[in-house]
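Here is a short tour for the bench, to read with the structure open beside you. We will go from a sheet and its helix to the DNA, and end with how the chains relate.

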Number of protein chains: 2
Amino acid sequence: MHKKIMYIFVVQIEVLMSNSKLYKGSLNTIILKLLQVHHKMYGYEITQKVKAITNGELNITEGALYPALHKLEAEGLLEVEVTKVDNRLRKYYKLTSMGNRETVNKLTELAEYIKTMQVLVNSKLA
Amino acid sequence: MHKKIMYIFVVQIEVLMSNSKLYKGSLNTIILKLLQVHHKMYGYEITQKVKAITNGELNITEGALYPALHKLEAEGLLEVEVTKVDNRLRKYYKLTSMGNRETVNKLTELAEYIKTMQVLVNSKLA
DNA sequence: TTCTTATGCATAAATTTCTTATGTATATTT
DNA sequence: AAATATACATAAGAAATTTATGCATAAGAA
């Protein structure tokens with residue numbers, strides 16, 4: 001007489017969105033573009049916005065975002081306005097006029113870069 | 001009576017192609033794609049090819065290229081074949097079967113990234 | 001009520017991926 | 001004879017991330 005033992009394994013598989021590695025150099029452009037459209041955003045809001053727009057494909061890490069915001073501010077491209085909501089700190093950023101001009105440049109640059117990469121990568125002539 | 005003195009300045013303006021900053025992370029994809037098309041290339045040839053295809057907009061530096069080739073080889077994505085032409089060394093690289101698979105992945109990744117960036121950057125809805 | 005998750009900021013260390021600088025050597029063009 | 005092109009290589013430095021922490025409050029779940 002054999003005892004039948006059944007093991008049930010419940011394995012949770014975590015599907016990582018591959019956290020779609022940011023191509024280094026594009027974060028500033030993303031920030032600037034979002035601020036061009038929304039006029040006023042705070043850091044956490046930016047991370048959520050990017051996640052939402054890209055269906056979770058792109059996750060801006062805080063370790064990248066906050067230093068980037070500080071640098072853009074130091075360069076005079078952004079200005080900050082600190083407020084308190086629900087007893088919690090919030091730092092709203094918006095483009096300065098310099099920031100507006102730089103945004104246009106960055107967007108042009110990115111468009112050119114994409115065009116170049118498409119020529120390199122999509123053509124069979126390469 | 002005034003003496004009239006005319007100065008003629010000849011100024012050479014060097015138009016830098018802005019050396020179109022490579023978005024960090026795309027070099028490997030470029031290398032792999034070129035080898036997918038050409039089956040066999042050597043380092044110097046790759047730099048010239050990229051320059052030609054992009055009308056000089058993209059210049060792969062040797063300091064970036066050679067280490068990248070070595071790494072791809074170490075990872076088993078490329079294999080090398082050393083020859084001598086005109087008494088000068090040449091190292092031909094080509095894709096391994098793993099390299100072929102990885103090329104497809106990298107190209108897909110890039111295409112997705114470009115799509116994502118276009119959504120983020122081109123839409124007014126962002 | 002307590003624990004976890006979400007919100008909101010921040011920084012430091014490590015890593016990746018380039019640029020810049022330098023080096024060697026041969027071939028070709030000026 | 002000197003400069004440029006071809007062909008490789010590596011090291012130091014810079015830039016832009018990731019990963020790992022940390023602190024604090026609010027909201028939701030157990």
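In this predicted model, chain B holds an open sheet of 3 strands, arranged in the order β1-β3-β2 with antiparallel pairing. Strands β1 (41-42) and β2 (78-85) of chain B stand at the edges with a single partner strand each, so one side of each has no neighbour in the sheet.

**The sheet and its helix (chain B)**

- If you would like to trace the pairing, start with β1(B) and β3 (residues 88-95) of chain B, which run antiparallel to each other and are joined over 2 bridges.
- Y42(B) is a handy marker here: its bridge partner in β3(B) is Y92(B).
- Helix α1 (residues 27-38) of chain B packs on this sheet and touches β1, β2 and β3 of chain B. The direction of helix α1 makes about 90° with that of β3(B).

**Around DNA strand D**

- There are 26 residues around DNA strand D, and those that come nearest are R88(A), Y42(B), Y44(B), R90(B) and K91(B).
- By class, the surface near DNA strand D is made up of 10 charged, 8 polar and 8 nonpolar residues.
- Which parts of the DNA lie within 4 Å of the protein? Sugar or phosphate accounts for 73% of the atoms of DNA strand D in that range, and bases for the rest.

**Individual contacts with DNA strand D**

- For a phosphate contact, look at S26(A): one of its backbone N or O atoms lies 3.4 Å from a phosphate oxygen of DNA strand D.
- R88(A) uses its side chain, where an N or O atom is 2.7 Å from a sugar or linking oxygen of DNA strand D.
- K24(B) reaches a base: a polar atom of its side chain lies 3.2 Å from a base nitrogen of DNA strand D.
- The elements giving two or more residues to the surface near DNA strand D are α3 (62-74) of chain A and, from chain B, α2 (43-53), α3 (62-74) and β3.
- α3(B) gives the most to that surface, with 5 residues.

**How the two chains relate**

- A turn of 179° and a shift of 0.0 Å along the axis lay chain B on chain A with an RMSD of 0.1 Å. That is the relation of a two-fold axis.
- K24(B) has the C-alpha nearest the axis in chain B, at 2.4 Å from it.
- Both copies use the same surface, as 100% of the contact residues of chain B recur in chain A.

Technical notes. Residues are numbered from 1 along each chain as its sequence is written. Chains are lettered from A and ligands numbered from 1 in the order in which they are written. This is a predicted model: local features need pLDDT of at least 70, side-chain atom pairs count only at pLDDT 80 or more; totals for chains, interfaces and linings use all residues. Side-chain values use heavy atoms; hydrogens and water are left out. Two strands pair if DSSP finds at least two bridges between them. Helices (H or I, at least four residues) and strands (E, at least two) are DSSP runs, numbered from the N terminus. Contact means heavy atoms within 4.5 Å. Axes are lines fitted to C-alpha atoms, for helices over the stretch in contact, and angles run from 0 to 180 degrees between N-to-C directions. A residue is near a molecule or strand if one of its heavy atoms lies within 4 Å of it. A polar contact is a pair of N or O atoms within 3.5 Å; within protein, one must be able to donate a hydrogen and the other to accept it, and residues adjacent in sequence count only if both atoms are side-chain atoms. Ala, Val, Leu, Ile, Met, Phe, Trp, Tyr, Cys and Pro count as nonpolar, Asp, Glu, Lys and Arg as charged, and the others, Gly among them, as polar. Copies are superposed by least squares on the C-alpha atoms of residues with pLDDT of at least 70 in both.
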